[in-house]
Amino acid sequence: PDEPIYAETAREMLERLDFIVPFCGYEPRYDKPILFYWFELLFFKILGIGELPARLPSVIAGTASVWLAFLLGSFHGFGILAGLVALTTFQIFLFSKIAITDMLLNFLISASICFFYIGYLRRANTKKKFAFKDKLSSRWLISSIVMMALGMLCKGPVAVVLPLLVIVIFLILEKDLVAFALNTWIIVTGK
């Protein structure tokens, strides 16, 4: 039942030329953040109003999720296998074809965790245990934060809380939580 509501909301936003306040049934709809509507609007503007443009954000997010599995698996020597497993996962297959926020949220949460992990691995491989002088490592970590912020615009606080929980547990298991937090604080504040 949610799929037509998302599409209609984006259609009405396009009709009203109001890209900030979502409307559905010509009444304000404040219960969902705006990012998914913006993607639908973009595809409506490019391809016209219809089922395909309404579902394209989910299709692209599902494809990107499979790519993330491949990317992360490649760091450990099984990229193709990881991509194939993701590609054949029922939930990814199903939600990649439906015009709802779940697939986009899945991609943004997965990307934030994946990008953090890649940045963390790059930092560890530079043999500088507590230094983020490697600019590429910092870019991966900043990309992780950007994915969380976009996730917040997609579905709300869950897109920040869930990845941070995973990252904190990972750092605890690596016995690197305090050093990582102090190093990040020093870099951010310059002190």
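Biologist: In which helix do R11 and E8 both lie?

Modeller: This is a predicted model. In it, R11 forms a salt bridge with E8, and the closest N and O atoms are 2.7 Å apart. The two residues are separated by 3 positions, about one turn of the helix, and both belong to helix 1 (residues 2-16).

Biologist: Which other residue meets R11 in a salt bridge?

Modeller: The partner also lies in helix 1, 4 residues from R11, again about one turn of the helix. Its relative accessibility is 44%, so the partner counts as partly exposed. The N to O distance is 2.7 Å, and the residue is E15.

Biologist: Is R11 buried, partly exposed or exposed?

Modeller: Buried means under 20% relative accessible area, and exposed means over 50%. R11 has a relative accessible area of 21%, so R11 falls in the class between these limits. Its partner E8, at 25%, is in that class as well. R11 is partly exposed.

Biologist: In the salt bridge of D31 and R29, which residue is buried?

Modeller: The side chains of D31 and R29 meet at 3.5 Å, N to O. D31 has 54% relative accessibility, which is over the 50% limit, so D31 counts as exposed. The other residue has a relative accessible area of 12%, under the 20% limit, and therefore the buried one is R29.

Biologist: How many salt bridges does a search of the whole structure find?

Modeller: Side chains of opposite charge can pair when their charged atoms come close. Besides the pairs already discussed, E3, E51 and R55 are linked in a network of salt bridges. For the whole structure, the search gives 7.

Biologist: Which helix gives the most to the lining of the second largest pocket?

Modeller: Helix 2 (35-47), helix 3 (51-74), helix 6 (102-125) and helix 7 (135-155) each supply at least two lining residues. Among the residues of the lining are P57, I60, A61 and A64. The top contribution is 4 residues, and it comes from helix 3.

Biologist: How many residues in the lining of that second largest pocket are nonpolar?

Modeller: The pocket holds about 150 Å³ of space. Its lining includes F39, F43, L104, F107, L108, M147 and L150. No polar and no charged residues occur in the lining, and the nonpolar ones number 11.

Biologist: What share of the residues in the protein is buried?

Modeller: The protein has 9 helices and 2 strands, and its elements run α-β-β-α-α-α-α-α-α-α-α from the N terminus. Its accessible surface comes to about 11000 Å², with 73% belonging to carbon and sulfur atoms. Of the 191 residues, the buried share is 40%.

Conventions:
Residues numbered from 1 in each chain as written. Predicted model: local features only at pLDDT ≥ 70, side-chain atom pairs only at ≥ 80, totals over all residues. Heavy atoms only, no water. 1 Å grid on protein atoms, 1.4 Å probe; cavity = no way out; pocket = protein on both sides within 12 Å on 5 of 7 lines; lining within 4 Å. Points joined across faces, edges and corners; volume = space filled by probe spheres on them. Nonpolar A, V, L, I, M, F, W, Y, C, P; charged D, E, K, R; others polar. Buried < 20%, exposed > 50% of the residue type's maximum accessible area, 1.4 Å probe, protein only. Areas by Shrake-Rupley, 256 points an atom, 1.4 Å probe, with all protein chains shown as cover. Salt bridge = Lys/Arg side-chain N within 4 Å of Asp/Glu carboxyl O.
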